[in-house]
Structure formats: C-alpha cells, structure tokens
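Here is a short tour of one protein model, written for a reader who likes to follow along in the viewer. Please have the sequence and the coordinates open as you read.

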Amino acid sequence: MNPLLDFSYQALPMRVVMGPRALERLAEEIDRAGLRRVLVLCSPEQQELAETVAGLIGERSAGIHPHARMHVPVESAEAARERATDVDADGCVAVGGGSAIGLGKIVALHHGLPIIAVPTTYAGSEMTPVWGMTENGVKRTGRDPRVLPISVLYDPELTVTLPTAVSVTSGMNAIAHSVEALYAPDASPVIDLMAEEGIRALATALPDVVADGSDLDARARAQYGAWLCGACLGATTMSLHHKLCHTLGGTLDLPHAPTHTVVLPHALAYNQDAAPRAKAALGRALGTTGDPATLLWDLAGRLGAPRSLREIGMAEDDIDRIVDIALGNPYANPRDVTPDGLRQLLRAAWSGEPPAARS
Ligand code: NAD
C-alpha cells in the first residue's frame with residue numbers, strides 16, 4: 001500500500017481573493033458575508049492604510065482600532081473586545097500582519113465576530129484556526145474554527161511598503177511553515193503539493209523583491225507562496241522548528257520572523273535525514289539536488305537576513321534554559337529530540353555557523 005494514500009485531511013472553509021487591487025473588492029466581500037458594521041483592526045504603523053480601508057467601505061465601517069501588538073498582549077485583547085462591543089460591530093476587518101490578524105482572532109474567539117483578513121506580510125496567520133495571547137510573559141495558543149477568517153484578500157500592492165528586511169524574514173517564516181508541513185505527522189498529499197509550490201514561489205520571488213521592492217509581479221508571487229505556506233500551517237501539526245521558535249519568542253521575546261529565519265536551516269538540518277520524502281520535495285522546490293538546509297541558509301545570507309540568534313538579541317547563557325524548556329514540552333518530530341542534539345543545534349544557530357546534520 002502506498003504510504004501516501006493513508007491520511008486524514010480537513011479542508012478549511014474560507015474564501016481567498018487574490019490579485020491586483022483586491023482591496024477594492026472588500027466592500028463586496030463584507031456584503032457577501034452579510035456584515036453591516038465592521039471594526040477595522042491594525043497595528044499603529046498601519047493606521048493610514050486602515051483609514052484608506054475605512055474610506056473604501058464607507059458606512060460599513062464601525063471605526064478603526066489601531067492598537068494591535070505582536071503576540072497579542074492580554075490588555076490589548078481586552079481593549080479590542082471592549083471596542084468591538086462599544087461600536088456594536090458585527091465583524092472585524094484585520095489589515096496588516098500577524099499582529100493585526102491575531103487581534104481579530106481574539107475578538108472572534110470571545111464575541112464570535114467573523115473576520116475578513118487583508119494580510120500585508122507573509123506570516124500566514126490568516127490561513128489558520130490558531131489563536132494566541134500573551135499574559136505575564138507566557139503565550140497561550142489554541143485552535144478554534146471560529147478564529148479562521150471567513151474571507152482573505154491578498155493585494156500585492158499593499159506589500160510594496162513592507163521593508164526589504166521584513167519582507168525577507170517574513171517570507172522565510174512562511175517557508176518554515178511548509179518545511180514542517182512536509183514532515184508533519186498529519187501530512188497529506190494535497191498539503192505536500194501546496195508546501196512544495198509555496199516554497200518554490202517564495203524562494204524564487206524573494207530575490208526579486210530584494211532587487212526591487214516595488215516589483216508587483218515579484219510581490220504577487222511572494223504573496224501566492226505565503227498563501228500556500230499559511231494554508232500548510234493551518235492544516236498540519238508543527239514540529240521542532242516551530243516549538244523552538246515559540247519558546248525563543250515567548251521566553252526571550254526575540255523578534256518572530258527573524259527568529260524563524262535563523263533557526264530554520266538548523267532545525268531542518270537536524271530533521272531532514274529522518275524525513276527523506278520531505279528532503280526530496282525541498283530539493284525540487286529549491287530547484288537543486290544540494291542539501292536543503294544549507295540552501296536555505298545560503299538563501300537567507302544572500303538576501304541579507306540575520307543568520308545568528310546572537311545578532312537578534314539572544315545571550316549565550318540562555319541556550320541551556322531554552323533547551324530545558326523546549327524538552328519539557330514533548331511534541332511529534334521526525335527525529336528524537338535529545339538534550340545534546342538540541343544544545344548543538346541552538347549553539348550553531350546562536351553563533352551563526354552553517355547548519356550541519358547532528359547526531
Ligand atoms: P507584524 O504584524 O507585527 O508585522 C511586522 C512588522 O511589519 C510590523 O512592524 C508592521 O508594522 C510592519 N508591516 C506590516 N505590514 C506592512 C506593510 N505593508 N508596510 C510596511 N510595514 C508593514 O508581524 P508578522 O511577522 O506579520 O506576524 C507575527 C505575529 O503573528 C506573531 O505574533 C506570531 O506569533 C503571529 N502569527 C500567528 C500565526 C497563527 O497561525 N496564529 C501564524 C503566523 C504568525
């Protein structure tokens with residue numbers, strides 16, 4: 001029996017509208033969903049864009065709440081929930097990156113208000129039923145179908161202002177979702193196809209985005225890749241890489257996308273020989289027969305991304321603490337995670353060495 005043909009696959013119900021000036025179709029999407037008064041959520045830096053959005057949807061806007069913050073602090077979640085109640089919103093439009101969409105998810109979780117997402121980074125939160133909230137330095141996450149946006153509009157023009165450095169790390173963050181989907185315990189042939197295509201799209205688009213951030217074709221290809229990679233994240237269970245990044249972000253407050261960018265080649269080097277089908281798919285996606293972990297490390301370096309945890313704020317002394325926390329929380333992984341293996345992985349990622357298969 002072909003092992004590929006033994007799987008469970010849960011399709012997630014949502015609409016995707018992708019293309020130039022997709023934002024102009026927002027009012028139509030709101031009407032289609034039967035919503036009348038939507039609260040527009042964004043991070044403070046995206047307030048101008050949120051004002052444009054509110055202008056486009058006219059009387060369907062119940063106001064703008066420009067207070068989203070990374071990892072959804074509980075105070076920020078409470079303020080957004082209160083605002084949604086005060087303005088009598090019947091839905092939210094989340095405009096921006098994972099922070100704005102994450103805030104919309106908490107409002108959806110507590111008030112049942114549907115979300116329409118307009119992503120402007122490549123993080124992929126808009127494609128998942130996963131919410132997160134941070135209290136006293138600890139980030140809790142959970143899965144709930146109510147937090148999955150009902151509709152997502154991908155408009156490449158909205159990503160043109162995303163600075164090159166953020167574009168690269170955000171794109172590498174997306175690639176990480178597909179890498180782990182390829183060796184997930186709940187992988188399936190459909191998700192494998194999406195993962196491989198998503199990585200291919202981003203790996204070819206990001207160099208063009210770096211060369212010219214206003215290249216709309218490159219931006220559209222990157223967004224297409226981000227959509228596919230986000231869908232892979234939403235459909236599968238993540239392993240060592242995501243657990244490590246979650247621990248590093250939650251415990252040390254390291255920046256989300258740069259942390260993913262630095263850790264990914266090392267986590268992949270740890271796992272890839274235990275996941276030969278994933279390794280072969282990555283080779284095809286990256287267009288070469290070379291070692292996928294090294295290719296991703298090379299790609300990050302060529303695109304000017306950080307390659308060490310040291311340069312993004314981690315102290316060497318924290319390595320043992322992170323090893324202990326990560327090991328205290330068991331999860332599925334293609335290869336056993338040992339204290340020594342994890343310590344070596346983190347040490348290499350901390351100092352910025354090239355990735356190496358670790359025994
Ligand atoms: P973010 O939303 O904070 O955006 C990163 C930076 O980019 C911010 O400074 C923002 O102002 C800026 N930015 C966004 N769009 C821009 C644009 N078009 N032009 C200029 N600047 C722009 O962060 P993110 O990396 O998108 O998302 C990270 C957050 O999302 C984390 O909290 C992470 O845990 C969460 N996340 C959740 C899921 C999930 O499934 N629940 C998936 C991925 C990420």
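Which residues does Gln-223 contact, once its neighbours within four places in sequence are left aside? In this predicted model, the partners of Gln-223 are Met-18, Pro-119, Tyr-122, Tyr-154, Asp-155, Pro-156 and Thr-159. Gln-223 itself belongs to helix α7, which covers residues 216-235. With a relative accessible area of 1%, Gln-223 is buried, because that value falls under the 20% limit.

Helix α2 offers another spot to visit. This helix covers residues 47-57, and Ile-57 is found in it. Is Ile-57 buried or exposed? Ile-57 has a relative accessible area of 0%, so it counts as buried. Not counting residues up to four places away in sequence, Ile-57 touches Leu-26, Ala-27, Ile-30, Val-38 and Val-40. For one of these partners, Val-38, there is also a backbone distance: the C-alpha atoms of Ile-57 and Val-38 are 9.3 Å apart, while 19 residues separate the two along the chain.

Now to the charged pairs. Side chains of opposite charge can pair when their charged atoms come close. How many salt bridges does a search of the whole structure find? The search gives 16 salt bridges, and the table shows some of them.

| Salt bridge | N to O distance |
|---|---|
| Arg-200 and Glu-196 | 2.9 Å |
| Asp-217 and Arg-221 | 3.0 Å |
| Asp-273 and Lys-279 | 2.8 Å |

Take the pair of Arg-200 and Glu-196. Both sit in helix α6 (residues 189-211), and because they are four residues apart there, about one helical turn separates them. Their surroundings can be told apart by accessibility: Arg-200 is partly exposed at 29%, whereas Glu-196 is buried at 14%. This pair also takes part in a wider arrangement, since Glu-196, Glu-197, Arg-200 and Arg-284 are linked in a network of salt bridges.

Helix α7, the home of Gln-223, holds the pair of Asp-217 and Arg-221 as well. Here too the spacing is four residues, so Asp-217 and Arg-221 are separated by about one helical turn. Asp-217 is partly exposed, with 49% relative accessibility, and Arg-221 is partly exposed, with a relative accessible area of 25%.

As for Asp-273 and Lys-279, the Asp-273 side of the bridge is exposed, with a relative accessible area of 52%. Lys-279 is partly exposed, with a relative accessible area of 28%.

Let us finish on the surface. Which residues form a negative surface patch? They are Glu-75, Glu-78, Glu-82, Asp-86 and Glu-135. Helix α3 (residues 74-86) gives the most to this patch, contributing four residues. Glu-135, another member of the patch, has its place in strand β6 (residues 130-135). At 39% relative accessibility, Glu-135 counts as partly exposed.

A nonpolar patch can be found too. Met-1, Leu-4, Leu-5, Phe-7, Tyr-9 and Val-190 make a nonpolar surface patch of about 620 Å². Where does Leu-5 lie? Its place is the segment before β1 (15-18). Leu-5 has a relative accessible area of 53%, and it counts as exposed because that value is over 50%.

Technical notes
Residues numbered from 1 in each chain as written. Predicted model: local features only at pLDDT ≥ 70, side-chain atom pairs only at ≥ 80, totals over all residues. Heavy atoms only, no water. Patch = residues over 30% accessible without salt bridge, like charges linked within 9 Å, V, L, I, M, F, W, Y side chains within 5 Å. Areas by Shrake-Rupley, 256 points an atom, 1.4 Å probe, with all protein chains shown as cover. Salt bridge = Lys/Arg side-chain N within 4 Å of Asp/Glu carboxyl O. Lys, Arg positive; Asp, Glu negative; His and termini not counted. Charge placed at Lys NZ, Arg CZ, Asp CG, Glu CD. Helix = DSSP H or I, 4+ residues; strand = E, 2+ residues; numbered from the N terminus. Buried < 20%, exposed > 50% of the residue type's maximum accessible area, 1.4 Å probe, protein only. Contact = heavy atoms within 4.5 Å.
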